[in-house]
Amino acid sequence: MTSNITAESPPHHPDVLKSSSDDRTLLVHGGRQPGRFSGMVNTPVHRGSTILASSLEEWERWKAPENGTSRYGRFGTPTTHSFQDLIAKLEGGHRSIVFPSGLSACTHTLLSFLQAGDHILMTDSVYGPVRSFATQVLKRFGIEVGFFDPLIGSGIGALIRPNTRVVYVESPGSWTFEVQDIPAIAEQAHRAKATVVMDNTWASPLFFKPFEHGVDVSIQAATKYIVGHSDAFLGVATGTRESWERLQKGSHDFGEIAGPDDIYLALRGLRSMDVRLARHWENGAVLAESLREHKLVHSVLHPALPEHPGHALWKRDFRGASGLFGVQLHRLEPHVIKALFDRLQLFGVGFSWGGFESLAVPSEESIPGSARTWPHAGKIIRIHAGLESAEDLVADMRQAFRHAATLV
Ligand SMILES: *Cc1c(COP(=O)(O)O)cnc(C)c1O
């Protein structure tokens, strides 16, 4: 019996930080209560399905709806709650719920707010697997799916139908990097009483505060910057007070559970996220600038560059840029692209991003979309700037581009 673990925090060790606290302080002091766990700095990994009541009276007391205590491990353990509480504060929302992957957070959020006969509007720049879920699974469940041009802004009003229940945004898109006018889109959606769901993974909770811009549910693929070390899958969705009940109940009914070790890794990742993101931002911006004049490059898709079409919106709404951006190439022969990738030494060729290490992957031949046609014929190289020295990253990219250019 671990008598020092109780449901209530002792008064001298409360987790007192409010969402108004500075993010940096919140990242260090939020989501942990050493007084509950023998003084341990970090909330330990809790494994458990069954949670025992000490008496029948306590068992009955636990049933009271206002009682925050979990009665079964599926509702979360102290590890889960520490993580969820901290994410809710960072995003600036009411409460959060974890999922075993980012994709699972996206799909279960959608299923919480949609039913047969409803219509959803989704950005054309949406994360590919979410697009596939919408066009395959949601359609099969009798939900109409429409896509919109990410640059549509308040023009989305014309696409909203009486049965439009969800407007799904992602800004910037993780291949094409269009920045969306979220407040304008949210205003139109709310006129029709539709729920605005945002995939906020690119900015992380630090660089875009979704609830200040009209979002109702914000999703993080925590696999990316929150975990930050390419070693765990996790997703988390955060709701407003109004959207929370539907999000929580709708999602929980599917029985998805995230493992305590993965949640622990995500909590641990959060502690250093502000410091990591500052470097990702700087390295990404330096790399983006170094590539913009190259003869193989049509344009660099990075919202922090002044010539990026979304730059003004990014400056208005975002507090920073992460390390993920695109390089739109001119149309090149496959052997030139192969030569470029073969030369890279510091950039791994692989999916995902948000880890400490740099990555580069080429896009498919054509960029998917049904509401807008991507205007360029060449491939995009998607770059994730890791935490290495910016000089080394620039030198590595430059030599690979220089070599590839000799083959054109
Ligand atoms: C990776 C990613 C997801 C999915 O996260 P997983 O943890 O890989 O399932 C969702 N949205 C965006 C924008 C992503 O980059």
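**Entry 1: the seven-stranded sheet**

I count two strands as paired if DSSP finds at least two bridges between them. With that rule I opened the model, which is a predicted one, and looked first at strand S2 (residues 119-123), which runs parallel to S3 and is joined to S3 by five bridges. Within this pair I noted that Thr123 has Phe148 of S3 standing opposite.

I then followed the pairing outwards and wrote down an open sheet of seven strands with mixed pairing, in the order S1-S7-S6-S5-S4-S2-S3. Strand S1 (95-99) and strand S3 (144-148) each have a single partner strand and stand at the edges, so one side of each is left without a neighbour in the sheet. Ignoring direction, I find that neighbouring strands of this sheet are turned against each other by 20 degrees on average.

**Entry 2: helices on that sheet**

Which strands does helix H3 (residues 78-91) touch as it packs on the sheet? I find contacts with S1, strand S6 (217-221) and strand S7 (235-239), and the direction of H3 makes about 125 degrees with that of S1. Helix H4 (residues 102-113) also packs on the sheet, and for H4 I listed S1, S2, strand S4 (164-170), strand S5 (195-199), S6 and S7 as the strands touched. The direction of H4 makes about 160 degrees with that of S6.

**Entry 3: the loop between S4 and H6**

I checked the backbone for unusual torsions and stopped at the peptide bond between Ser171 and Pro172, which is cis, with omega at about -10 degrees. Pro172 belongs to the loop between S4 and helix H6 (182-191), and Phe177 is found in the loop between S4 and H6 as well. Phe177 is not a glycine, yet its phi is positive, at about 65 degrees. I kept both notes because most peptide bonds are trans and most residues other than glycine have a negative phi.

**Entry 4: the second sheet**

Turning to the other open sheet, I recorded four strands in the order S8-S9-S11-S10, with antiparallel pairing. Strand S8 (297-301) and strand S10 (359-362) are the edge strands, each pairing on one side only, and the twist from one strand to the next averages 20 degrees. S8 pairs with strand S9 (residues 324-329) over four bridges in the antiparallel sense, and there I located Leu329 of S9 as the bridge partner of Val297.

Helix H10 (residues 273-291) packs on this sheet and touches S8, S9 and strand S11 (380-384), with its direction at about 10 degrees to that of S9. I added helix H12 (residues 334-343), which lies across S9, S10 and S11 and runs at about 170 degrees to S10.

**Entry 5: how the two domains meet**

The protein chain is divided into domain 1 (16-45 + 76-271) and domain 2 (273-405), and I found their C-alpha centres to lie 25 Å apart. In contact across the boundary are 43 residues of domain 1 and 43 residues of domain 2. The area buried between the domains is about 3600 Å², and carbon and sulfur atoms give 64% of that area. Which residues of domain 1 lose the most area to domain 2? I noted Trp175, Phe207 and Tyr225, which together account for 26% of what that side buries.

For polar terms I counted 22 residue pairs in polar contact between domain 1 and domain 2, both residues of each pair being at pLDDT 80 or more. The count of salt bridges between the two domains is five. I also looked up the salt bridge that Arg372 forms with Glu178, where the closest N and O atoms are 2.9 Å apart.

Last, I asked which elements supply the side of domain 1 that touches domain 2, and found that helix H1 (23-29), S3, helix H7 (204-207) and helix H9 (260-271) each give at least two residues. The largest share of that side, four residues, comes from H7.

Methods:
Residues numbered from 1 in each chain as written. Predicted model: local features only at pLDDT ≥ 70, side-chain atom pairs only at ≥ 80, totals over all residues. Heavy atoms only, no water. Axes fitted to C-alpha atoms, helices over the stretch in contact; angles between N-to-C directions. Contact = heavy atoms within 4.5 Å. Domains from an automatic or database assignment. Buried area = accessible area lost by both parts, 1.4 Å probe. Salt bridge = Lys/Arg side-chain N within 4 Å of Asp/Glu carboxyl O. Polar contact = N/O pair within 3.5 Å; in protein donor to acceptor, adjacent residues only side chain to side chain.
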